[in-house]
Amino acid sequence: MIEKKSRSRSGSYQLVAPDRDVVFECPVCGYLFRDNKDFESYHKKAACTLCVDTYYYINADRWEKGWRPDRSEVIKKWISTM
Ligand SMILES: [Zn+2]
């Protein structure tokens with residue numbers, strides 16, 4: 001049985017969204033951060049731990065100058081290692 005007292009439906013919903021500045025995905029590979037280590041890694045090197053481990057150390061000079069691996073190459077590599 002449907003009651004006709006459902007006027008509270010006109011109440012508005014509040015969408016709780018995180019700050020725009022909060023990043024939840026790696027800007028290099030595009031994957032969501034998996035844990036706190038990824039957040040820490042992002043704040044230090046602007047990429048998740050996997051990208052830093054795989055690309056940062058062997059390209060540190062270029063990386064510091066703004067170079068990043070091509071995302072499609074990164075994704076191919078991740079898929080091939082899964
Ligand atoms: Zn990544």
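This passage describes the helices of a predicted model, the packing between them, and several individual residues.

The chain contains four helices and zero strands, and when it is read along the sequence these elements follow the pattern α-α-α-α. Of the 82 residues in the chain, 20% are buried. Among the contacts in the chain with a separation of 6 or more, 22% are made by residues that lie 24 or more positions apart.

Helix α2, which spans residues 49-56, is mostly covered, since six of its eight residues are buried. These buried residues are Thr49, Leu50, Cys51, Val52, Tyr55 and Tyr56. They pack against three other helices, namely α1 (36-45), α3 (60-64) and α4 (71-81), so that the buried part of α2 has partners in each of these elements.

The packing of α2 with α1 can be described in further detail. In general, two packed helices are described by the angle between their axes and by the distance between the axes. For α1 and α2, the axes come within 8 Å and cross at roughly 50°. Angles of 35 to 65 degrees fall outside the ranges for roughly parallel and roughly perpendicular pairs, and α1 and α2 are therefore oblique to each other. On the α1 side the residues involved are Lys37, Asp38, Ser41 and Lys45, and these meet Thr49, Val52 and Tyr56 in α2. The residues of this contact divide into two nonpolar, two polar and three charged.

Helix α1 itself has a buried side and an exposed face. Its buried residues are Asp38, Ser41 and Tyr42. Because they cover an arc of only 100° around the axis, these residues are placed on the same side of α1. The buried residues of α1 pack against α2, whereas the face of α1 turned away from the buried side carries the exposed residues Asn36, Glu40, His43 and Lys44.

Lys45, which is found in helix α1, has 18 C-beta neighbours inside 10 Å and so counts as partly exposed, given that 20 or more are needed for a residue to be buried. When its neighbours within four places in sequence are left aside, Lys45 is in contact with Val52 and Tyr56. The C-alpha atoms of Lys45 and Tyr56 are 8.0 Å apart in space, although these two residues are 11 residues apart in sequence. Just after α1 comes Ala46, which takes a positive phi of about 65° although Ala46 is not a glycine. This residue, Ala46, lies in the loop between α1 and α2, and with 17 C-beta neighbours inside 10 Å it counts as partly exposed.

The largest nonpolar core has 13 residues, of which Cys26, Val28, Cys29, Ala47, Cys48, Cys51 and Tyr56 touch the most other members. Helix α2 gives the most to this core, with five residues. One of the core residues named above, Tyr56, touches Lys45, Ala47, Cys51 and Trp63, when residues up to four places away in sequence are not counted.

Another of these core residues, Cys26, has its place in the segment before α1. Cys26 has 23 other C-beta atoms within 10 Å and is therefore buried, the cut-off for this class being 20 or more. Not counting residues up to four places away in sequence, Cys26 touches Tyr31, Phe33, Tyr42, Ala47, Cys48 and Cys51. Cys26 can also be placed relative to Leu50, from which it is separated by 24 residues in sequence and by 9.6 Å in space, C-alpha to C-alpha.

A further pair of residues relates helix α4 to an earlier part of the chain. Trp78 has its place in helix α4, and its 15 C-beta neighbours inside 10 Å mean that Trp78 counts as partly exposed. Trp78 and Cys29 are 49 residues apart in sequence, while their C-alpha atoms are 8.8 Å apart in space.

Note on methods
Residues are numbered from 1 along each chain as its sequence is written. This is a predicted model: local features need pLDDT of at least 70, side-chain atom pairs count only at pLDDT 80 or more; totals for chains, interfaces and linings use all residues. Helices (H or I, at least four residues) and strands (E, at least two) are DSSP runs, numbered from the N terminus. A residue is buried if 20 or more other C-beta atoms lie within 10 Å of its own, exposed if 12 or fewer, and partly exposed in between; C-beta atoms are placed from the backbone. Two residues are in contact if their C-beta atoms, placed from the backbone, lie within 7 Å. Axes are lines fitted to C-alpha atoms, for helices over the stretch in contact, and angles run from 0 to 180 degrees between N-to-C directions. Angles under 35 degrees count as roughly parallel, over 145 as roughly antiparallel, 65 to 115 as roughly perpendicular and the rest as oblique. Ala, Val, Leu, Ile, Met, Phe, Trp, Tyr, Cys and Pro count as nonpolar, Asp, Glu, Lys and Arg as charged, and the others, Gly among them, as polar. A nonpolar core is a set of buried Ala, Val, Leu, Ile, Met, Phe, Trp, Tyr and Cys residues joined through C-beta atoms within 7 Å. The arc is that of the directions from the helix axis to the C-beta atoms.
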